[in-house]
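The following note sets out comments on the structure for a colleague at the bench. The points are numbered so that each may be taken up separately.

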Amino acid sequence: MGKPVCPTTSEPARISVELKRALEFYHGSVEDLVRELIRVLGVNETDRRALEIVLLEEKSTTPGKLAERLGLTSAGVTIMLNRLEKQGYIARSLHPTDRRRVIVMATELAADRVQELVVPMIVESYKMLLNYYDAAELEIIADFLNRAGELQRIHRQRLREVDTYSRP
């Protein structure tokens, strides 16, 4: 015999509560994991995100594009790049065709450390997901994550347009 169902709770409402709890758990566990990755790499969150962008998304980019993606000023991105360069995680060079522009790339050291730390976790995650879900379910999960990610981008953009609260 199954669990008794509260007659006043609708199925969509129950699923909504479960989804909210699952997302809160997931976000919290990702934040905890990222905090440990930051600790091991010896960087801060903004530096970690910049490394993620140059390692996984852009391969090579400009300081201006990084500033835009991270919501930093040009001075802020320069300070960040100085830190990452000092740690050996990024290298800057002049653009091959426009010598006035600078290109930012991750170093082998950054790639090796991320490979050593992150790739085993990704492989383990994929193996687990493939054992628990069939192809159709994984397609639904991927669709959900893509849509949720797009919503996060929309929300981030809205927040970037809001002025910082003044101190009380």
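1. A residue counts as buried when its relative accessible area is under 20%, as exposed when that area is over 50%, and as partly exposed in between. Gly 64 has a relative accessible area of 47% and is therefore partly exposed. The structure under discussion is a predicted model.

2. Gly 64 belongs to helix H3. From C-alpha to C-alpha, Gly 64 and Ser 74 are 6.8 Å apart in space, with their positions ten residues apart in sequence. Lys 65 also lies in helix H3. Lys 65 has a relative accessible area of 47%, so this residue too is partly exposed. Its C-alpha atom is 9.7 Å from that of Val 77, a residue twelve places apart from Lys 65 in sequence.

3. As to the overall architecture, the protein chain contains six helices and three strands. Read from the N terminus, the order of the elements is α-α-β-α-α-β-β-α-α. Along the principal axes, the C-alpha trace spans about 70 × 45 × 30 Å.

4. How does the radius of gyration of the protein chain stand against that of a compact globule of 168 residues? The chain has 21 Å, whereas such a globule would have a value near 15 Å. Of the 168 residues, 18% count as buried. Among contacts with a separation of 6 or more, 46% are between residues 24 or more positions apart.

5. The packing of helix H2 (residues 45-57) on helix H4 (residues 74-86) deserves a separate comment. The two helices pack at an angle of about 75°, and their axes are 10 Å apart. Angles of 65 to 115 degrees count as roughly perpendicular, and H2 and H4 are therefore roughly perpendicular to each other. On the H2 side the contact is made by Thr 46, Asp 47, Ala 50 and Leu 51, and on the H4 side by Met 80, Arg 83 and Leu 84. Sorted by class, the residues of this contact are four nonpolar, one polar and two charged.

6. Is Asp 47, a residue of helix H2, buried or exposed? Its relative accessibility is 1%, so Asp 47 counts as buried. Setting aside residues up to four places away in sequence, Asp 47 touches Met 80, Arg 83 and Leu 84. The C-alpha atoms of Asp 47 and Tyr 132, by comparison, are 34 Å apart, and the two residues are 85 residues apart in sequence.

7. The largest nonpolar core holds 22 residues. Which of them touch the most other members? They are Leu 66, Met 80, Leu 81, Leu 84, Tyr 89 and Ile 90. At least two residues of this core come from each of helix H1 (11-41), H2, helix H3 (63-70), H4 and helix H5 (108-132). H2 provides the largest share, with five residues.

8. Tyr 89, one of the core residues named above, has contacts in several parts of the sequence. Apart from its neighbours within four places, Tyr 89 is in contact with Leu 41, Val 43, Leu 51 and Leu 84. Its contacts also include Met 105, Ala 106, Thr 107, Leu 109, Ala 110 and Arg 113.

9. Thr 62 is a loop residue, placed between strand E1 (60-61) and H3. The relative accessible area of Thr 62 is 11%, so this residue is buried. Which residues does Thr 62 contact, leaving aside its neighbours within four places in sequence? The contacts are with Arg 101, Val 102, Ile 103 and Val 104.

10. The final point concerns Arg 147, which is located in helix H6 (residues 135-160). With a relative accessibility of 55%, Arg 147 lies above the cut-off and therefore counts as exposed. Arg 147 and Leu 51 are 96 residues apart along the chain, and their C-alpha atoms are separated by 24 Å. Leu 51 itself is among the H2 residues that make the contact with H4, and it is also in contact with Tyr 89.

Technical notes:
Residues numbered from 1 in each chain as written. Predicted model: local features only at pLDDT ≥ 70, side-chain atom pairs only at ≥ 80, totals over all residues. Heavy atoms only, no water. Axes fitted to C-alpha atoms, helices over the stretch in contact; angles between N-to-C directions. Helix = DSSP H or I, 4+ residues; strand = E, 2+ residues; numbered from the N terminus. Parallel < 35°, antiparallel > 145°, perpendicular 65-115°, else oblique. Contact = heavy atoms within 4.5 Å. Nonpolar A, V, L, I, M, F, W, Y, C, P; charged D, E, K, R; others polar. Core = buried A, V, L, I, M, F, W, Y, C linked by side-chain atoms within 4.5 Å. Buried < 20%, exposed > 50% of the residue type's maximum accessible area, 1.4 Å probe, protein only. Rg over C-alpha atoms; globule rule 2.2 N^0.38 Å.
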